[in-house]
Amino acid sequence: MVATMTQQTTATPEHIEYVLRLADNALILGQRLSEWCGHAPVIEEDLALANISLDLVGQARLLLTHAGNLEGKGRDEDQMAFLRVERDYRNVTMMEVPNEDFGRTTLRNFFSSAFQVLLWEKLVKSSDSELAAIAAKSLKEARYHLNHSSEWVIRLGDGTEVSHAKTQAALDYLWPYTAELFAANPTDEAIAASGVGPAWSSLEAAWEGVVLPVLGEATLVVPARTPFKSYGKFGRHSEHMGHLLATMQYMQRTYPGAQW
Amino acid sequence: MERKEWPLWEIFIRSRNGLDHKHCGSVHAPDARMALQVARDVYTRRMEGVSIWAVRASDIVASDPDAKAELFDPAEDKIYRHPTFYQLPEEVNHM
């Protein structure tokens, strides 16, 4: 604890904010995916979803620890994960919406991992060496998540009548939330200028280049963009976030400082 | 009613370069590519392997368990088929 308290930090608020967005995207999606444990359609997929969930929680641990160090207030990964209030979480809203069914869960994993692969590829060259190291580890995991989810999206979309209908409904539901990933904002501009990482908006064309061909192969129809906006990465979350946090934070709030 | 179940795939994992693939179990998957995916998740979570083979279980031709006696028992008393049966000259005995 003393070492952490005395650690010198030169991180800007934008830098901390940027790392928190990465951390919370991984943490909240990891939490959502963990809900499938014991409930997936088949045992093979149960293991796959739990694996992906644990990969994401592992990334979140590294990122939250790093954010805590950058912040320099002595908060460790557990305090960052479990003891913040809703408005302090910086994940995009898409990560917190309910799983609903296997179609929506799979499609969200697809959107999210396609984005993360592009982002980690850039962050491998970050001027923040700790972040670059986390990116190198996470990139391999994200590539597998993308591989796995895109295979599934194709089979669900181009599958039976029921699987197609459910996946199309998932696409109609999730598509508006994907806009938030690429919405320009001052934090991203400052970060892009500093060399820490790319502005997320700069990844939109590449993301569509990955996502649209797979959706096409899956015979899914991409909805038109609408004026709908979500603001999770600014801390303004949907009504689902409080319930998710209640479940996730319960243990640490009931038994403060508990370790296992 | 027709039962729509995914086919069964037998999974073989090679643990290290240079070793052979060993049968480790089976998975259900809709097709070959997904069989590799789920095999990766089910059987290589603890660094067990560097290569996976998946074979449709229905494509494996197996010997009949009831024919065990005629297939395998006759080998029992053919000790001369083992290299250890032969006395080698002292000079090459530890080859």
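In the predicted model, Gln37(B) is located in helix H1 of chain B, the segment that covers residues 32-43. With a relative accessible area of 7%, Gln37(B) falls under the 20% cut-off and is therefore classed as buried. When residues up to four places away in sequence are not counted, Gln37(B) touches Tyr144(A), Asn147(A), His148(A) and Glu151(A).

The chain that carries this glutamine contains two helices and three strands, and these elements follow one another from the N terminus in the order β-β-α-β-α. The radius of gyration of chain B is 20 Å, whereas a compact globule of 95 residues would have a value near 12 Å; along the principal axes, the C-alpha trace of chain B spans about 65 × 35 × 15 Å. Buried residues account for 20% of the 95 residues in chain B, and the accessible surface of the chain comes to about 7800 Å², with 55% of that area belonging to carbon and sulfur atoms. Of the contacts in chain B between residues at least 6 apart in sequence, 43% join residues at least 24 apart. As for charge, chain B has 13 positive and 16 negative charges, and the mean positions of the two sets are 10 Å apart.

One of the residues examined individually in chain B is Arg14(B), which belongs to strand E1, residues 8-14. The side chain of Arg14(B) forms a polar contact with the side chain of Asn17(B) at 3.1 Å. Once neighbours within four places in sequence are left aside, the residues in contact with Arg14(B) are Leu19(B), Asp20(B) and His21(B), together with Glu48(B), Gly49(B), Val50(B) and Ser51(B). Between Arg14(B) and Asp41(B), which are 27 residues apart in sequence, the C-alpha to C-alpha separation in space is 15 Å.

In chain A, His237(A) occupies the loop between helix H9 (204-217) and helix H10 (240-254). Because burial is assigned under 20% relative accessible area, His237(A), at 16%, counts as buried. The side chain of His237(A) makes a polar contact of 2.8 Å with the side chain of Glu96(A), and Glu96(A) also appears among the residues in contact with His237(A) when neighbours within four places in sequence are left aside, along with Glu86(A), Tyr89(A), Arg90(A), Asn91(A) and Gly232(A).

Conventions:
Residues are numbered from 1 along each chain as its sequence is written. Chains are lettered from A and ligands numbered from 1 in the order in which they are written. This is a predicted model: local features need pLDDT of at least 70, side-chain atom pairs count only at pLDDT 80 or more; totals for chains, interfaces and linings use all residues. Side-chain values use heavy atoms; hydrogens and water are left out. Helices (H or I, at least four residues) and strands (E, at least two) are DSSP runs, numbered from the N terminus. The radius of gyration is taken over C-alpha atoms; the globule rule is 2.2 Å times the number of residues to the power 0.38. Buried means under 20% relative accessible area, exposed over 50%, partly exposed in between (1.4 Å probe, protein chains only). Contact means heavy atoms within 4.5 Å. Accessible areas come from the Shrake-Rupley method with a 1.4 Å probe; for residues, only the protein chains shown count as cover. Lys and Arg count as positive and Asp and Glu as negative; His and the chain ends are not counted. The place of a charge is taken as NZ of Lys, CZ of Arg, CG of Asp or CD of Glu. A polar contact is a pair of N or O atoms within 3.5 Å; within protein, one must be able to donate a hydrogen and the other to accept it, and residues adjacent in sequence count only if both atoms are side-chain atoms.
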